[in-house]
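Welcome, and please open the structure in your viewer. We will go from one selection to the next and say what is there at each stop.

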Amino acid sequence: MTSIDPKFVIFASGFRSVSLQHATLYDQKIQIPSLHISGTTDKVISHAMHLALEDAFSNPEILHHTGGHFLPATADEKPIYRKFFETQLRKLKEEKDNFVS
């Protein structure tokens, strides 16, 4: 479908595509590391839609907040973002080091 090869993905208020062209993408759990951020009171994208996307991934990192359709940036959420980015950066560095060796 595409030639891109993402090393990780981040979804904010994400949801599964309902396009028939994308239906087969959900036949198996998606193996890309992912961070899913969603508000439990989001009025734009329902929380149930977020949960369906999270379920499509094999081992998603999940951040649910009590707010709506926005990215939270309080002291409670920042460690979750930081851990995810640090983990992905470490993996990319290891991949680069193994490629060069």
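## Start in the middle strand

Begin by selecting strand E2 in this predicted model. Of the 6 residues of E2, 6 are buried, so the strand is largely enclosed by the rest of the structure. Here buried means under 20% relative accessible area. Now colour the two faces of E2 separately: Ser34, His36 and Ser38 lie on one side, and Leu35, Ile37 and Gly39 on the other. Both faces are covered, and these residues are all buried.

## Add the neighbouring strands

Next, show the whole sheet. In what order do the strands of this open sheet run? The order is E1-E2-E3, with 3 strands and parallel pairing. Strand E1 (9–12) and strand E3 (61–65) are the edge strands, and each of them pairs on one side only. If you look along the sheet, neighbouring strands are turned by 10° against each other on average, direction ignored. As a reminder, strands of a sheet pair through backbone hydrogen bonds, either parallel or antiparallel.

Now zoom in on the pairings, one side at a time:

- Select E1 together with E2: they pair in the parallel sense over 4 bridges. On this side, Phe11 stands opposite His36 in E2.
- Select E2 (residues 34–39) together with E3: this pairing is also parallel, over 5 bridges. Here Ile62 in E3 is the bridge partner of His36, and Leu63 in E3 stands opposite Ile37.

His36 is a handy residue to keep labelled, with Phe11 opposite and Ile62 as its bridge partner in E3.

## Lay the helix over the sheet

Select helix H1, residues 47–55. Helix H1 lies across E1, E2 and E3, and runs at about 170° to E2.

## Finish at a pocket

For the last stop, select Asn59, Glu61, Phe84, Thr87 and Gln88, which lie nearest the centre of the second largest pocket. The volume of this pocket is about 210 Å³, and 13 residues line it.

Which helix gives the largest share of that lining? Show helix H2 (residues 78–100): it contributes 6 residues, the largest share. Finally, colour the lining of this pocket by class, and you will find 4 nonpolar, 6 polar and 3 charged residues.

Terms used
Residues numbered from 1 in each chain as written. Predicted model: local features only at pLDDT ≥ 70, side-chain atom pairs only at ≥ 80, totals over all residues. Heavy atoms only, no water. Pairing = 2+ DSSP bridges. Axes fitted to C-alpha atoms, helices over the stretch in contact; angles between N-to-C directions. Contact = heavy atoms within 4.5 Å. 1 Å grid on protein atoms, 1.4 Å probe; cavity = no way out; pocket = protein on both sides within 12 Å on 5 of 7 lines; lining within 4 Å. Points joined across faces, edges and corners; volume = space filled by probe spheres on them. Nonpolar A, V, L, I, M, F, W, Y, C, P; charged D, E, K, R; others polar. Buried < 20%, exposed > 50% of the residue type's maximum accessible area, 1.4 Å probe, protein only.
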